[in-house]
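Reader: I'm after a close look at one part of this model, the place where the long helices from neighbouring chains meet. Could you walk me through that part and then work outwards to whatever surrounds it?

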Amino acid sequence: MTAKKISLAEISTHIAGRLEGSPEIRITGLAELHLAQQGDLSFLISDADLSAAEQTKASAVLLPASLPPVSLPMIRVKDVSEAINTALELFAQPRQDPVGIHPQALVASDAVLAHDVSVGPYSVVESGSSIGAGSILQARCSVGRGCVIGEHCHLRQGVVVADGCRIGCGVMLGENVVIGSEGFGYRTRDGCHRQVPHLGAVRIGDDVEIGAGSCVARAKFGFTVIGDDTKIDSLVYIAHNVRVGEHCLIAAQAGIAGSARLGQRVVFGGQVGVRDHVAVGDGVTAGARTAIHHDVPAGSIVLGVPALERRQALREQAALRRLPELVSKVKKLQQRLDELESAADHS
Amino acid sequence: MTAKKISLAEISTHIAGRLEGSPEIRITGLAELHLAQQGDLSFLISDADLSAAEQTKASAVLLPASLPPVSLPMIRVKDVSEAINTALELFAQPRQDPVGIHPQALVASDAVLAHDVSVGPYSVVESGSSIGAGSILQARCSVGRGCVIGEHCHLRQGVVVADGCRIGCGVMLGENVVIGSEGFGYRTRDGCHRQVPHLGAVRIGDDVEIGAGSCVARAKFGFTVIGDDTKIDSLVYIAHNVRVGEHCLIAAQAGIAGSARLGQRVVFGGQVGVRDHVAVGDGVTAGARTAIHHDVPAGSIVLGVPALERRQALREQAALRRLPELVSKVKKLQQRLDELESAADHS
Amino acid sequence: MTAKKISLAEISTHIAGRLEGSPEIRITGLAELHLAQQGDLSFLISDADLSAAEQTKASAVLLPASLPPVSLPMIRVKDVSEAINTALELFAQPRQDPVGIHPQALVASDAVLAHDVSVGPYSVVESGSSIGAGSILQARCSVGRGCVIGEHCHLRQGVVVADGCRIGCGVMLGENVVIGSEGFGYRTRDGCHRQVPHLGAVRIGDDVEIGAGSCVARAKFGFTVIGDDTKIDSLVYIAHNVRVGEHCLIAAQAGIAGSARLGQRVVFGGQVGVRDHVAVGDGVTAGARTAIHHDVPAGSIVLGVPALERRQALREQAALRRLPELVSKVKKLQQRLDELESAADHS
């Protein structure tokens, strides 16, 4: 992969900035001021970066209108972070994955693969499954029996899609993701636990992305569902029969217990937990580490263990910070009251 | 996999229900009222489901005795959820996995496999290991040196059983489960951390099930032990030298630190944590997200961070909800007291 | 693997103990008193172990100077736990992994491997990568394009090192570890989330160890960095652009969000969380389950959700334990005050 070279003029136009310097300068990548090399575009966020900008080896910088000029080619932008993200798009390179079925892959004779599907080495596609055009399975993926995988999906190394699961189009499954693992449901008879058969599967919408190591369990019957355009980070667990709506963002290590339902545009910070059978409304935001034990109405912002409406959670937190002091205060009040009462008795 | 067809009569008998409708109707699966198709058995839980039952395409429904009849073949049952779980057993199909060693698998010449063991493609069984009758290793499993795997085990894709580990009979290991990973124990000398050798292994009892992505670390010496019939959910971490008793249920993303001991019939909600060397007694139940820092006596129900006896935890939680109000109250008391004292001074 | 036999004299010297018993006794391993067999070295920690020592089958025991002698060969030591760890080093056996590229592995023709590198079956090393002397890739590892892996590294089964990542020397990556997974960063346009390209990679220092199932995401640009001699436990998530310093210890299931920075010698208990962009100073210790929301100054010991300085966290916890009682106290104070006021009114 040789790096792309993109002119400062093209970058400036793409990020809607104002260029001050030579438009022909060729940029090969982005880097922080102190790490940048020749050819890199760097950036200043605030005054604090001015001295580092004096010494950077970067060929040009992004900076906000509010900062004084530096002695380097500059692109002035409204929002530096946003401009960085936009600029990165210019440098992204299309994946150069091979097309076709690797000779060291096993594809069942009755599996139906579009002509340009890639299946990496040591991957297995079992009987009755289909994979849409442009989809890529990297090395060591497993697709079980009767699965449907849409177009332009990307399954990274070690992904397992178990029997009967359905994946939409444009889906990215990170390394070692498991779709359709066994649900955790047991019946106890004579003191022994026997698994309830989980005969359902998982249905994943279009444009879903699921990060490395995450697992989505299959439904008892019907489907565990992940809605279109929902993005899930790494090491997340989605239990059996959960329904996650469209356009949700779920950060790393969240756990969503059986049959919970999330609406659309739900946003979870890291390590959030949701109790089984709970309903989380559309547009709910839950801060990192929140534990949702009860239904949450649409549009709420919640925090804490158990989850409280944000304002209440912060008020409680503030009060808790003052609790040791409150204990002392009450003790003093008691003493003063004792004295007053004793004075009253003697009066 | 063509679906099973089972008569309503057979289902009704199996779940000990009372059939009202044609016993010959053939059922092919279970589904919720609004998703059911012809051939499906659906169910009503409460009055709220009556209108959906009017419009369902299901061929029959389960419902409790308390509900009025619907215009569909019905099976009356005591407990609908329980009846669903029981009915699902009828529809479970035996796995149709191939028997034998896949040509693309590697089995050491001195490994001892029962004649009907299945080893999937790209799996590796190393020297000196044995695998009992009826056991299935799906694709891409690794069994290290000197392992013992009992009869009728099922190792899903990507499972690793590391050197010297012993797995009982009837054990299910979910996708990408790791048994016998390195323990996390270090000694610091001259500021550098050096791993303490972990020379032990892991011993897993009969009928244990461990969900996708979970890891059980090997012992420093002797064994990390998981007792018979214990069921562990996904993305759980069991550290070195932990002993988990029989018949426990441990939900997803729990973490049990080194040398902790769990008795029999311990039940953990999701994301529970247990500190190293702590002892959790028989029959303890810990709610989701509980952090167990100290020994917990047998039979306790605990909650919170750190874990408290349930009643105390709930009392504290209730008090915490009222804490901001308490702060104001104390402030007012102070003012009233100030006034009283000042009045007393002037009297 | 036949067990090593080591004389009691050698062990005693190695752990700097005082031997009381025959120096020639041959020891083959370590075990707890009640599990020990002939040939095992066992140990007593306190008085409570004296009765078990009467009945053990162990051939010798370690014990502290403070305990009375037992009727077995003994080695007196200052710190029993420490002595066990030191003794274990004597019994550790060098790995007997094969050297060379397994015929069922795929190594790109332009990959550069030192002559004694081992690549296990079903592993893939892609174009432009290099692997240093003495490094071992077990079965089913994937090394992407343009990676650099140093000398004497050990990648266990299922490890993925994605394109462009750099691994130092002496690094251990546990089973199913993923280095260089996609970062979780999105821009939302017209209600749809589009991934910000993550063009950077991961750089891992020398002597780093990362436990089974953990994931380290690649940077947006530049590198996500793990410093030399840092040890990370299982199922940990390190997000994009995080920098972890040298000599840190991070226990299982911790999650460190994007662009957070950890100094040197940071120690985290299990299930700790760090918010994005937060700076954790050198030598900080955070107890299990701590959630770090704000910068933590060097040398602090923190606890709780959100993280507080340890002393304050414990004071709050103690106060919280007394909160229900405090509520009652305030109620009583109110009543007494009511009475006093009413008495004052009537006087």
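**Where the α5 helices meet**

Author: Let's start with handedness: α5(B) and α5(C) cross in a left-handed way. Bear in mind that this is a predicted model. A pair of packed helices is described by the angle between their axes and the distance between those axes. Here the axes of α5(B) and α5(C), each covering residues 323-346 of its chain, come within 10 Å and cross at roughly 30°. Since angles under 35 degrees count as roughly parallel, α5(B) is therefore roughly parallel to α5(C).

Who actually touches whom? From α5(B) the contact takes B:Leu323, B:Leu326, B:Lys329, B:Val330, B:Leu333, B:Arg336, B:Leu337, B:Leu340 and B:Ala343. Facing them in α5(C) are C:Leu323, C:Val327, C:Val330, C:Leu333, C:Gln334, C:Leu337, C:Leu340, C:Glu341 and C:Ala344. Sort the contact of α5(B) with α5(C) by class and you get 14 nonpolar residues, one polar and three charged. The charged ones include B:Lys329 and B:Arg336 on one helix and C:Glu341 on the other, while C:Gln334 is the polar one.

Now zoom out to the whole B-C contact, which takes 51 residues from chain B and 50 residues from chain C. On the chain B side, the elements giving two or more residues are the strands β21 (178-181), β22 (186-189) and β23 (192-195), plus the helices α4 (310-321) and α5 (323-346). Of these, α5(B) gives the most, with nine residues. In terms of class, the side of chain B that touches chain C has 28 nonpolar, 12 polar and 11 charged residues.

Go round to the contact of chain C with chain A, and 51 residues of chain C are in contact with 50 residues of chain A. On the chain C side, two or more residues apiece come from β21 (178-181), β22 (186-189), β23 (192-195), α4 (310-321) and α5 of chain C. The largest share there is from α5(C), at nine residues. The class split for the side of chain C that touches chain A is 28 nonpolar, 12 polar and 11 charged.

There is another helix pair to look at between chains A and C, involving α5(A) (residues 323-346) and α4(C). These two pack at an angle of about 50°, with their axes 8 Å apart, and that angle makes α5(A) oblique to α4(C). The contact brings A:Leu323, A:Pro324 and A:Val327 of α5(A) up against C:Arg315, C:Glu316, C:Ala319 and C:Leu320 of α4(C). By class, the contact of α5(A) with α4(C) has five nonpolar, no polar and two charged residues, and the charged two are C:Arg315 and C:Glu316.

What do these helices belong to? Take chain A: it has five helices and 40 strands. Its radius of gyration is 28 Å, well over the 20 Å that the globule rule gives for 347 residues, so chain A is more spread out than a compact globule. Along the principal axes, its C-alpha atoms fill a box of roughly 100 × 75 × 30 Å.

Some of those strands form an open sheet of five in chain A, ordered β2-β7-β6-β5-β4 with mixed pairing. The edges are β2 (18-20) and β4 (29-30), each pairing on one side only. Helix α3 (residues 80-91) of chain A packs on this sheet, touching β4, β5 (40-43), β6 (60-64) and β7, and its direction makes about 145° with that of β6(A). At the β2 edge, β2(A) and β7(A) (residues 74-77) pair in the antiparallel sense over three bridges, with A:Leu19 bridging to A:Ile75.

In chain C, β2 (residues 18-20) and β7 (residues 74-77) are antiparallel over three bridges, and C:Arg18 has C:Arg76 as its bridge partner. On the parallel side, β6(C) (residues 60-64) pairs with β7(C) over four bridges, and C:Val61 stands opposite C:Met74.

Back in chain B there is an open sheet of 12 strands with mixed pairing, running β8-β11-β14-β17-β20-β25-β28-β31-β34-β37-β39-β40. Its edge strands are β8 (100-101) and β40 (308-309). Within it, β25(B) (residues 209-210) and β28(B) (residues 231-232) are parallel over two bridges, and B:Glu209 has B:Lys231 as its bridge partner.

Note on methods
Residues numbered from 1 in each chain as written. Chains lettered and ligands numbered in written order. Predicted model: local features only at pLDDT ≥ 70, side-chain atom pairs only at ≥ 80, totals over all residues. Pairing = 2+ DSSP bridges. Contact = placed C-beta atoms within 7 Å. Axes fitted to C-alpha atoms, helices over the stretch in contact; angles between N-to-C directions. Parallel < 35°, antiparallel > 145°, perpendicular 65-115°, else oblique. Left-handed = near helix turned anticlockwise from the far one by under 90°. Rg over C-alpha atoms; globule rule 2.2 N^0.38 Å.
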